[in-house]
Amino acid sequence: QVQLVESGGGLVQPGGSLRLSCAASGRFFRLNAMGWYRQAPGNERELVADINGGGSANYADSVKGRFTISRDNAKNTVYLQMNSLKPEDTAVYYCNARVQLTFHYEYGYWGQGTQVTVSS
């Protein structure tokens, strides 16, 4: 069983910063791509940023230049540094990981979500 545990959400004023973390635990062969998604009330879940095992990152246009995704493969952890936060960034943020469970089998896992609220 693989678990993704997120932390770092909270309430922040516009223009502020937060850092989200997501740690993977359990038995697996390797972590492949990892990413962050978000879902605001009434909206569909959307990709914020993802990063592959080699460190190449991809960002949604709405967060480019403000958010930075990174990973520490030794700690099986992915991070999302969020700067210059805006009220429209308010959402539940979910971690996602594509986990290589065996040599031939990959499966996607989700974290439980962490609330980010940007408000004055």
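Here are five short exercises on the structure above, which is a predicted model, each with a worked solution.

**Exercise 1. The disulfide**

Task: Find which residues the disulfide joins, and explain which parts of the chain the pair ties together.

Solution:
- Start with the count: the structure holds 1 disulfide.
- Next, look for its two ends. They are Cys 22 and Cys 95, with an S to S distance of 2.1 Å.
- A disulfide is a covalent bond between the sulfur atoms of two cysteines.
- Check the twist of the link between Cys 22 and Cys 95: the angle about the S-S bond is -80 degrees, and the link is left-handed.
- Now place both ends. Cys 22 belongs to strand 3 (residues 18-26) and Cys 95 to strand 9 (residues 91-100), so the pair ties together parts that are 73 residues apart in sequence.

**Exercise 2. Around Cys 95**

Task: Decide whether Cys 95 is buried or exposed, and list what it touches.

Solution:
- Buried means under 20% relative accessible area. Cys 95 has 0% relative accessibility, so it counts as buried.
- Its disulfide partner shares this setting, as both Cys 22 and Cys 95 are buried.
- Then set aside the neighbours within four places in sequence. The contacts of Cys 95 include Leu 4, Glu 6, Cys 22, Trp 36, Val 78 and Trp 110.
- For a sense of distance, pick Lys 64, 31 residues from Cys 95 along the chain: the C-alpha atoms of the two are separated by 18 Å.

**Exercise 3. A buried arginine**

Task: Arg 71 is buried; work out what its side chain reaches.

Solution:
- Locate the residue first: Arg 71 sits in strand 7 (residues 67-72).
- Look for a salt bridge. Arg 71 has none, and Asp 72, the nearest side chain of opposite charge, is 8.4 Å away.
- Turn to the backbone instead. The Arg 71 side chain reaches the backbone oxygen of Leu 31 at 3.2 Å and that of Asn 52 at 3.1 Å.
- Beyond four places in sequence, the contacts of Arg 71 also include Asn 32, Met 34, Ile 51 and Thr 77.

**Exercise 4. Asn 32 and its polar partners**

Task: Find which side chains make polar contacts with the side chain of Asn 32.

Solution:
- Asn 32 lies in strand 4 (residues 30-39).
- The relative accessible area of Asn 32 is 15%, so this residue is buried.
- One polar contact, of 2.8 Å, runs to the side chain of Gln 100. Another, of 2.7 Å, links Asn 32 to the side chain of Glu 106.
- Among the residues Asn 32 touches, leaving out those up to four places away, are Arg 71 from the previous exercise and Arg 98.

**Exercise 5. The core and two loop residues**

Task: Name the strand that gives the most to the largest nonpolar core, then find where Asn 76 and Ser 84 are.

Solution:
- The largest nonpolar core has 29 residues, and Trp 36, Val 48, Phe 67, Val 78, Leu 80, Met 82 and Tyr 93 touch the most other members.
- Several elements give two or more residues to this core, including strand 1 (2-7), strand 5 (46-51) and strand 11 (114-118).
- Strand 9 gives the most, with 5 residues.
- Now leave the core. Asn 76 is in the loop between strand 7 and strand 8, and its phi is positive, near 55 degrees.
- Ser 84 is in the loop between strand 8 and strand 9, with a positive phi of about 50 degrees.
- Asn 76 is partly exposed at 26% relative accessible area, and Ser 84 is partly exposed at 39%.

Methods
Residues numbered from 1 in each chain as written. Predicted model: local features only at pLDDT ≥ 70, side-chain atom pairs only at ≥ 80, totals over all residues. Heavy atoms only, no water. Disulfide = S-S within 2.5 Å. Helix = DSSP H or I, 4+ residues; strand = E, 2+ residues; numbered from the N terminus. Buried < 20%, exposed > 50% of the residue type's maximum accessible area, 1.4 Å probe, protein only. Lys, Arg positive; Asp, Glu negative; His and termini not counted. Salt bridge = Lys/Arg side-chain N within 4 Å of Asp/Glu carboxyl O. Polar contact = N/O pair within 3.5 Å; in protein donor to acceptor, adjacent residues only side chain to side chain. Contact = heavy atoms within 4.5 Å. Core = buried A, V, L, I, M, F, W, Y, C linked by side-chain atoms within 4.5 Å.
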